Amino acid sequence: MGTVLFTNVRIFDGSGEPSYLGEVLVQGNRIKHVGRGSRTVPANGHTVIDGAGATLMPGMTEAHTHLSWNNASSLDAIFRMPPEEHTLFAAQSAKTYIDMGWTSCVGAAAAKPRLDVVIRNAIESGMIPGPRYLAASQEIATLGGLGDTTPPHVDSKELSFGWVVSGPEDMRKAVRTFIKYGCDTIKLNLSGEEMTDCPANTSPMSEEEIAMAVSEAKRRGLRLAAHARSDESVRQCIRHGIQIIYHASYATDETIDMLAAQKDKFFVGPGLAWLVNTARKAGPYGIAPDSPLGIYYERELQIAVETMRKMHRRGIRILPGGDYGFAWTPHGTNAKDLEYFVEMVGMTSTEALVSATKLGGEIMGRPNELGQLKPGYLADLLLVDGDPVANIRILQDKNRILAVMKDGAFHRTPDMMPSRQRIAM
Ligand SMILES: [Zn+2]
């Protein structure tokens with residue numbers, strides 16, 4: 001069994017404790033030893049990586065990933081890519097995530113029914129590089145709700161971005177279909193989205209439909225995730241035990257109280273990058289900042305930021321990730337979320353890093369073996385040039401991510417020679 005010893009590294013272990021200089025020994029696919037200082041284990045017989053003061057930290061988890069969003073400018077444009085090109089695109093996205101240090105991703109909906117599952121399986125079999133991946137269903141949408149992109153004159157679900165349902169039995173069939181395909185999570189669109197015909201602050205899915213989705217998913221041990229901007233849609237998540245709540249912009253104080261009372265049960269992924277960039281950077285794609293939609297998105301951003309500040313103060317788990325894969329939120333820029341958490345939500349940089357690492361292990365359902373640098377944990381590691389606690393932005397720069405290890409194997413091997421001269425900052 002191969003062993004790799006990282007020496008002379010600044011260890012950020014993901015727990016939230018201050019970083020320290022030390023050593024980490026990886027044996028097989030797990031962390032065997034973590035020590036403070038130097039020469040804590042004999043160096044003999046290991047592949048030794050001298051980090052020259054670089055930071056060693058857990059691989060990060062993206063909590064709301066759409067590998068098959070193809071950097072297009074609308075849901076329809078994403079959907080219309082033919083399956084062959086689309087599969088290749090999603091494979092390329094998977095590589096982008098692990099290149100940028102995201103060694104785990106929670107699929108938050110696929111643009112075609114089996115795309116996420118096929119990519120997850122290809123990663124797991126070693127056919128393509130990519131993160132540990134929880135494969136999502138398509139977005140399950142109500143007729144006329146967010147995700148129903150069929151033209152009014154063509155009644156064909158094959159032309160829809162989301163999987164359209166009407167009524168509980170239709171929902172049962174949808175959920176069972178995605179279980180049959182091999183999905184890990186079921187995604188429901190419980191609220192609308194302002195740029196569509198179903199505005200953000202609406203809640204189009206009925207109680208009966210949601211209850212059916214939850215009971216069918218739970219029967220087979222699957223978790224659910226929801227696009228939930230409206231207050232009522234967040235309440236629906238709480239009522240029905242939908243653990244992964246995306247967006248939550250309009251959650252009221254009373255709803256935040258309810259979440260705080262069960263904060264070990266739920267995860268919130270606000271997806272702030274979507275709001276920031278739709279409000280401010282989508283001008284070339286028809287949403288100018290001073291247009292009605294641009295003004296709307298800026299306002300929802302301000303409301304969402306205020307909501308997240310309250311949730312963070314209450315200890316509710318807030319995770320990075322969200323709707324990267326549009327023209328104005330390209331894949332690979334995901335670490336911007338951590339900067340938003342620090343600059344907008346009021347997290348310390350350590351808290352932002354914990355949300356990407358320790359909380360990532362929790363949302364992946366593996367809190368005891370993923371997301372921290374501890375003996376026995378899976379060896380998903382990043383070697384970073386500099387200290388992300390001092391400057392959270394360095395994680396946005398691929399050149400600063402010197403090495404990426406997943407499951408004990410290097411996805412990117414560190415360049416050993418120059419590391420001797422590297423000056424730690
Ligand atoms: Zn999304």
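**Stop 1: a hairpin near the end of the numbering**

Select β16 and β17. These two strands form a hairpin with two residues between them. This is a predicted model, so treat every stop as part of a prediction. Now click D407 in the turn. Its phi is positive, at about 55°.

Stay on the hairpin and show the pairing. Strand β17 covers residues 409-412, and three bridges join it to β16. The two strands run antiparallel. To see one bridge, pick M405, whose partner in β17 is F410.

Next, add strand β15, residues 381-384. Four bridges join β15 to β16, and this pair also runs antiparallel. Pick L383 here. Its bridge partner in β16 is A403.

Is β16 open to the outside or enclosed? Colour residues 401-406 by accessibility. Six of the six residues of β16 are buried, so the strand is largely enclosed by the rest of the structure.

**Stop 2: the zinc ion**

Select the zinc ion. Which residues hold it? The coordinating residues are H64, H66 and D323. Both histidines use their NE2 atoms, while D323 uses OD. The distances are 2.0 to 2.2 Å.

Look at where these donors sit along the chain. Their spacing reads H-x1-H-x256-D. Now check how covered the histidines are. H64 is buried, at 1% relative accessible area. H66 is buried too, at 0%.

**Stop 3: an open parallel sheet**

Select β6, residues 60-65. Add β7 and β8. The three strands make an open sheet in the order β6-β7-β8, with parallel pairing. β6 and β8 stand at the edges with a single partner strand each, so one side of each has no neighbour in the sheet. You will find β8 at residues 132-134. Direction ignored, neighbouring strands in this sheet are turned by 15° against each other on average.

Zoom in on β6 and β7. Strand β7 spans residues 102-107, and four bridges pair it with β6 in the parallel sense. Click M60, then look across to β7. The residue opposite is W102.

**Stop 4: a covered helix**

Select helix α11, residues 349-356. How many of its eight residues are buried? Seven are, and the helix is mostly covered. The buried ones include S349, T350, L353 and V354.

Now show what surrounds α11. Its buried residues pack against β5, β6, α10 and α12. Highlight 55-58 for β5, 336-345 for α10 and 358-363 for α12. You have already met β6 at the edge of the open sheet.

**Stop 5: the nonpolar cores**

Select L188 and M311. In the largest nonpolar core, which has 105 residues, these two touch the most other members. Helix α9, residues 292-313, supplies the largest share of this core, with seven residues.

What does M311 touch? Leaving out residues up to four places away in sequence, the list is A248, A251, I256, L259, V268, I316 and I318. Another core, of 19 residues, lies apart from it. Among its members are F6, I11, V24 and M405. M405 was the residue that bridged to F410 at the hairpin.

**Stop 6: the cysteines**

Select the cysteines. How many disulfides does a search of the whole structure find? Zero. Click C105 to see one case. Its sulfur lies 16 Å from the closest cysteine sulfur, in C183, which is too far for a bond. C105 is buried, at 0% relative accessible area.

Move on to C198. This residue is in no disulfide either, and the nearest cysteine sulfur, in C237, is 15 Å away. C198 counts as buried, at 8% relative accessibility.

**Stop 7: two unusual backbone angles**

Most residues other than glycine have a negative phi. Now look for exceptions.

Select N8, in strand β1, residues 3-11. Its phi is positive, near 55°. N8 counts as partly exposed, with 38% relative accessibility.

Then select R39. This residue lies in the loop between β3 and β4. It is not a glycine, yet its phi is positive, at about 55°. Is R39 buried or exposed? R39 is exposed, at 78% relative accessible area. To frame the loop, highlight β3 at 30-36 and β4 at 47-50.

Key. Residues numbered from 1 in each chain as written. Predicted model: local features only at pLDDT ≥ 70, side-chain atom pairs only at ≥ 80, totals over all residues. Heavy atoms only, no water. Pairing = 2+ DSSP bridges. Axes fitted to C-alpha atoms, helices over the stretch in contact; angles between N-to-C directions. Buried < 20%, exposed > 50% of the residue type's maximum accessible area, 1.4 Å probe, protein only. Donors = N, O, S within 2.8 Å, 3.2 Å for Na, K, Ca; no water. Core = buried A, V, L, I, M, F, W, Y, C linked by side-chain atoms within 4.5 Å. Contact = heavy atoms within 4.5 Å. Disulfide = S-S within 2.5 Å.
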